[in-house]
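Please load the model in a viewer and set the display to a cartoon with side chains available on demand. The tour below proceeds by selection, one stop after another.

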Amino acid sequence: MADQRVLLMSMSLTSVDFAHQGEIPQQFTCQGDDSSPALSWSGVPAPTKSLVLIVDDPDAPDPANPKMTWVHWVLYNIPPTISELPQAVAASNLPGWTRQGKNDWKRTGYGGPCPPIGRHRYFHKLYALDIELPDMNQPTKAQLESAIKGHILEQAELIGTYQKQ
């Protein structure tokens, strides 16, 4: 008889700045101060060695006819003992041995929502890994996803939306 158990994901990702599926406030976008929202998480599995955070927009450039996923933020080697990132976290204030990858503006750091047309979705994805990654020298999202393949213990997702005013 096949195993009928369902794997329950206990890890969660939330923000005090916007609700899941809710609108991201303007201050966290290109029309505001383009700073990162506060993020917090819980339920990280005990054997986790590091965390990865990827923020991207699968609706670029137009939600009615998406052609690409635009990468807004790439963080890796977040210590598993950390459970939050504050608003407007600067590179110099990232916890522990956290490293940044390159976003689609070809720079490190957070780049907020700035959709050219329509209401876009912004996926904040947190991955718990069974390894700590080497210094990857500002990897792209694709390079990081390749490096974490087969090492994801659990993941959580928070989606926000934004449309220019």
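Please keep in mind throughout that this is a predicted model.

**First stop: a sheet of three strands**

Select β1, β3 and β6, which form an open sheet in the order β1-β3-β6 with antiparallel pairing. The edges are taken by β1 (12–14) and β6 (84–85); each has a single partner strand, so one side of each is left without a neighbour in the sheet. Now restrict the view to β3, residues 39–42, together with β6: two bridges join them in the antiparallel sense. Which residue of β6 stands opposite Ser 40? Display the side chains and Glu 84 will be found there.

**Second stop: strand β8 and its partners**

Next, select β8 (120–129). Is this strand mostly buried or exposed? Nine of its 10 residues are buried, so β8 is largely enclosed by the rest of the structure.

Add β4, residues 50–60, to the selection: seven bridges join β4 to β8, and the two strands run antiparallel. To locate this pairing, pick Ile 54, whose bridge partner in β8 is Lys 125. Then add β9, residues 152–162, which is joined to β8 by 10 bridges, again with the strands antiparallel. Here a suitable residue to pick is Tyr 127, with Gln 155 as its bridge partner in β9.

**Third stop: a buried aspartate in β4**

Remain on strand β4 and select Asp 59. With a relative accessibility of 5%, this residue counts as buried, because the cut-off for that class is under 20%. What does Asp 59 contact beyond its neighbours within four places in sequence? The residues to display are Pro 66, Met 68, Arg 119, His 120 and Arg 121.

Move on to the peptide bond from Ala 60 to Pro 61, which is cis, with omega near -5°. Pro 61 itself is in the loop between β4 and β5. As background to this selection, most peptide bonds are trans.

**Fourth stop: the aromatic pairs**

The model contains two aromatic pairs. For one of them, select Trp 70 and Trp 105: the ring centres are 5.4 Å apart and the planes are at 75°, an edge-to-face arrangement. This pair links distant parts of the chain, with Trp 70 in β5 (68–78) and Trp 105 in the loop between β7 (99–100) and β8, 35 residues apart. Trp 70 is partly exposed, at a relative accessible area of 23%, and Trp 105 is also partly exposed, at 33%.

For the other pair, select Trp 73 and Tyr 110. Their ring centres lie 5.3 Å apart with the planes at 80°, so this pair too is edge-to-face. Trp 73 belongs to strand β5 and Tyr 110 to the loop between β7 and β8; the two are 37 residues apart and connect distant parts of the chain. Are these two residues buried or exposed? Trp 73 is buried, with a relative accessible area of 2%, and Tyr 110 is buried as well, with 11%.

**Fifth stop: the disulfide**

The loop between β7 and β8 also holds Cys 114. Select this residue with Cys 30: they form a disulfide, with the sulfur atoms 2.2 Å apart. The structure holds one such link. The angle about the S-S bond is 80°, and the link is right-handed. Cys 30 is in the loop between β2 (22–23) and β3, 84 residues away from Cys 114, so that the pair links distant parts of the chain. A surface display should be consulted for both cysteines: Cys 30 is partly exposed, with a relative accessible area of 33%, and Cys 114 is partly exposed, with 30%.

**Last stop: two backbone angles**

Most residues other than glycine have a negative phi. Two residues are worth selecting with that in mind. Asp 34, in the loop between β2 and β3, is not a glycine, yet has a positive phi of about 55°. At 26% relative accessibility, Asp 34 counts as partly exposed.

Finally, select Ala 88 in the loop between β6 and β7. Ala 88 is likewise not a glycine and has a positive phi, of about 50°. Its relative accessible area is 47%, which places Ala 88 among the partly exposed residues.

Technical notes
Residues are numbered from 1 along each chain as its sequence is written. This is a predicted model: local features need pLDDT of at least 70, side-chain atom pairs count only at pLDDT 80 or more; totals for chains, interfaces and linings use all residues. Side-chain values use heavy atoms; hydrogens and water are left out. Two strands pair if DSSP finds at least two bridges between them. Helices (H or I, at least four residues) and strands (E, at least two) are DSSP runs, numbered from the N terminus. Rings of Phe, Tyr and Trp (its six-membered ring) pair if their centres lie within 6.5 Å; planes under 30 degrees apart count as stacked, over 60 as edge-to-face and the rest as tilted. Buried means under 20% relative accessible area, exposed over 50%, partly exposed in between (1.4 Å probe, protein chains only). A disulfide is a pair of cysteine sulfur atoms within 2.5 Å. Contact means heavy atoms within 4.5 Å.
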